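Me: I would like to go through this model with you and ask, at each step, how a given description is justified.

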Amino acid sequence: MSDTIVVLPDQATARIPKMNFLSKEKGLLSWLLTGDHKRIAILYLISISFFFFIGGSLAGLIRLELLTPQSDLMATDTYNKVFSMHGIIMVFFFLVPSVPATIGNFLMPMMVGAKDLALPKINLLSWYLYMAAGILAIYTMISGGVDTGWTFTTPLSTHYVNTHVITTGLAVFIAGFSSIFTGLNFIVTIHKMRCPGMTWFRLPLFVWSNYAASILMVLGTPVLAIALVLIVLERTVGIGVFDPTKGGDPLLFQHLFWFYSHPAVYIMILPGMGVISEVVSTFSRKRVFGYTAVAFSSVAIAVFGFFVWAHHMFIMGISNYAALVFSLLTMLVAVPSAIKIFNWAFTLYKGSITFETPMLYAFGFMGLFTIGGMTGVFLGSTGTDIHLTETYFIVAHFHFVMVGGMLMAFLSGLHFWWPKMTGRMYPEKISQLAAVVTFIGFNLTFFPQFILGTLGMPRRYASYPPEFQILNVFSTAGATVLGVGYLLPVLYLTWSLKYGAIAGNNPWQATGLEWQVQSPPLTENFPEIPIMDHEAYDYEWLERQNVSEVASVG
Amino acid sequence: MTDLHDKPEQHEREHHIVSPKIYLTIVCCLLVLTATTVAASYVEMGVFNPIVALAIAALKMMLVVLFFMHVKYSTKLTKLTVGAGLFTFLVLVGMTLADYMTRAWGRW
Amino acid sequence: MSDSTAIAHGAVGAEHEHPSYQRHHFETIAQQKDATNFAMWLFLLTEIMFFGGLFTAYLIYRNWYYPAFVEASHQLQIGWGTANTAVLITSSFTMAMGVWSAEMRKKSMLVFFLVLTFVLGLVFLGIKFVEYHEKWEKSHVPGLRYSVQSFVNPASDPEVYKEYHDKPLPLDMARHTELYFFLYFAMTGMHALHMIIGIAILGFMIFRARAGAYTNGHVTFVENFGLYWHFVDIIWIYLFPLLYLISRHQ
């Protein structure tokens with residue numbers, strides 16, 4: 001048994017195919033006015049990486065400030081702005097579009113056997129809206145930013161701060177429409193453009209996950225939009241909707257805000273889970289265990305995700321009865337996620353496992369997401385939530401699922417499909433090192449925060465009691481390691497564009513329609529629309545293909 | 001088992017052209033219902049006033065959706081989509097109102 | 001590495017005898033029609049949820065401040081509201097007839113119905129402007145120009161008083177009428193914004209329809225716009241009873 005499944009073409013004679021989506025047209029305008037989903041995906045990849053590093057730098061500033069118990073690096077008002085902008089940029093400009101807009105945009109049409117998404121112009125519009133929103137957010141940040149937290153909680157954001165709430169709200173509003181259009185495009189494509197033979201249950205699970213996330217994007221994001229509109233109206237005109245002196249209820253904002261923002265976390269994680277399904281299957285050489293269960297649990301997460309939002313509001317003044325119902329529903333929504341973890345574990349069981357970089361990140365995901373998810377159960381239970389909410393326990397919880405989970409899944413997918421997108425392999429050894437460094441750095445950064453939370457350190461505070469310092473120092477040290485772990489891929493992935501090994505069509509010997517075409521793909525993906533005649537993750541079918549193929553060129 | 005999506009027969013429904021007679025009937029119903037709801041608002045029915053008003057509005061909505069928007073003649077997918085939208089709307093309104101209305105129930 | 005043998009090739013003989021308006025990523029014109037129609041419905045779903053937030057706010061505050069909402073709603077003239085409802089319902093009819101004309105490839109009929117819809121849309125906006133202007137005159141615009149005089153002392157407003165004989169509201173409840181008007185302006189304003197966008201697109205469509213763009217078989221644009229227009233009508237169908245017909249009996 002070899003320790004790698006990678007099969008590359010003979011490097012002496014292999015070349016990047018002359019005709020591909022990158023070489024088809026040249027020039028800046030051919031990129032800025034493209035309808036090609038693959039080019040739009042690359043545009044998104046560059047943009048979200050840029051925003052990730054801005055958000056990451058803000059995180060670095062947070063951790064620097066928290067090295068010492070006093071608020072000595074920056075004024076507390078500035079600290080409030082730093083963590084607010086960190087949250088806004090990371091959530092709206094990195095996590096929400098990360099997998100769908102980059103990997104999803106690039107691969108989903110190929111996975112269903114289509115030549116493009118259903119609405120290519122809307123796809124391009126989606127990117128432009130994202131960029132407009134992003135530029136507005138950066139401008140706002142430079143002009144002073146907001147200090148309300150990414151949650152814009154009322155009445156602080158409407159009546160008590162003098163910062164750029166309106167422009168930031170507008171930026172998020174625009175970014176929301178970017179997200180809506182991506183989701184809308186995906187849903188139409190999956191329903192209407194599957195190739196002949198591609199039934200729902202032959203779709204890769206990555207498609208199912210993106211489908212579920214897209215439903216959330218389309219149905220949830222508009223409620224965030226109206227919540228932001230109301231904040232703007234409250235701040236400008238003074239309508240009184242969230243103003244107790246005029247009879248309004250500040251909690252109404254939270255209902256509207258979290259009605260989106262809870263499904264938003266599933267928008268963020270579901271595509272990542274889709275990546276993990278693909279990666280775990282490929283690197284165990286086994287079909288995903290319980291395909292139907294995983295497919296339905298993706299949709300179940302989406303549906304149930306709409307019923308639990310008030311668990312973010314347990315201490316805010318909702319009625320006890322509402323808290324009870326939402327708590328119960330929160331317990332239920334954990335079940336489909338757990339089903340997926342179990343199914344991945346059973347996929348690994350008796351599989352031929354190899355440890356290439358995507359698989360390392362996938363292992364990291366499975367462990368860290370499980371921990372993050374389980375701590376979510378502590379928070380979903382109202383009794384424990386009273387003590388843990390608004391402490392560092394929450395911060396640790398969501399960073400475990402979002403960074404330990406989602407970001408690792410994004411990196412896993414990026415590495416997995418990098419050969420397909422660029423035609424080149426990334427350097428394996430350094431990337432495995434980066435994955436391990438990331439894992440170590442992550443745990444060092446965020447595990448102490450669980451302890452800090454249970455000990456009582458509040459979140460969003462620039463200063464804290466001195467007895468918490470040692471754990472904060474560990475956390476900051478971990479953040480430094482984590483930073484290195486995230487910087488390395490930027491360097492070696494860029495390097496690989498020129499010097500990486502030629503990958504060929506299917507370096508991972510994976511199933512899936514995207515691996516049966518050249519790398520990088522043609523602009524139209526397929527010369528002719530394929531006919532799907534086998535089940536998903538059919539490794540026996542792949543075996544039969546390879547047996548009958550002719551290996552030499554010319 | 002191959003399952004070719006979009007069988008040719010399904011496209012026939014694209015060409016199901018709803019006749020102007022039906023449109024005329026519907027618009028007359030809608031105008032009558034409008035008059036009805038205005039009249040009903042002048043009648044004291046206690047707690048039933050809003051119920052009647054919303055019921056009439058819902059009926060008008062169904063007429064517009066089914067006939068003007070052709071949903072009666074559309075695919076199951078379209079009907080499911082409309083249903084999903086209404087369902088999510090009801091979840092937003094219903095569960096939020098559930099919080100507000102149970103606040104007055106006090107502590108356990 | 002094999003790249004083409006792994007894929008069974010698709011339908012042979014699909015020599016592209018497709019209409020000029022078919023985009024190349026679609027295999028058939030029917031697929032394009034289906035997909036764009038479905039996309040329009042999904043967009044309407046986002047609109048349902050967008051207005052949903054406002055309806056939620058309305059239901060909460062109406063529940064909390066019912067007396068204020070009743071008296072505040074008496075400030076809206078039921079005549080204008082009913083007229084607007086009739087206008088919008090009729091415009092939905094003319095829009096549906098427009099779609100029918102396009103499907104039947106009757107160009108001048110299509111233009112006629114589109115123009116009619118356009119005009120009815122403008123009439124609606126005109127009436128709304130009259131109503132908004134009246135609200136401004138009476139200082140019932142939240143945040144900008146608001147006075148609770150009409151509710152603390154209803155007799156000071158003779159036209160409304162002689163119809164409803166409202167009782168004076170205590171000051172704190174009278175202040176909550178501002179929330180009613182915020183909802184009135186926000187909901188009808190948001191609705192009017194959607195009307196304005198619709199009318200603008202109608203203008204563009206009339207121009208294109210006269211050139212025969214929609215009567216050559218390519219009706220999708222008109223059909224999908226029709227869906228949008230009917231949706232805007234449905235929003236009003238709910239706004240009318242909720243805002244105008246809370247309780248007109250005294």
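**Fold and contacts**

Reply: In chain A, among contacts between residues at least 6 apart in sequence, 85% join residues at least 24 apart, two residues being in contact if their C-beta atoms, placed from the backbone, lie within 7 Å. This is a predicted model, in which local features need pLDDT of at least 70, side-chain atom pairs count only at pLDDT 80 or more, and totals for chains, interfaces and linings use all residues. Residues are numbered from 1 along each chain as its sequence is written, while chains are lettered from A and ligands numbered from 1 in the order in which they are written.

Me: What helices and strands are there in chain A, and why is chain A called as compact as a globular protein of that length?

Reply: Chain A has 17 helices and zero strands, where helices (H or I, at least four residues) and strands (E, at least two) are DSSP runs, numbered from the N terminus. Its radius of gyration, taken over C-alpha atoms, is 23 Å, close to the 24 Å that the globule rule gives for 554 residues, so chain A is as compact as a globular protein of that length; the rule is 2.2 Å times the number of residues to the power 0.38.

Me: Which parts of chain B supply the side that touches chain C?

Reply: The contact takes 37 residues from chain B and 39 residues from chain C. Helix 2 (20-41), helix 3 (48-68) and helix 4 (76-103) of chain B each supply at least two residues of that side of chain B, and the largest share, eleven residues, comes from helix 4 of chain B.
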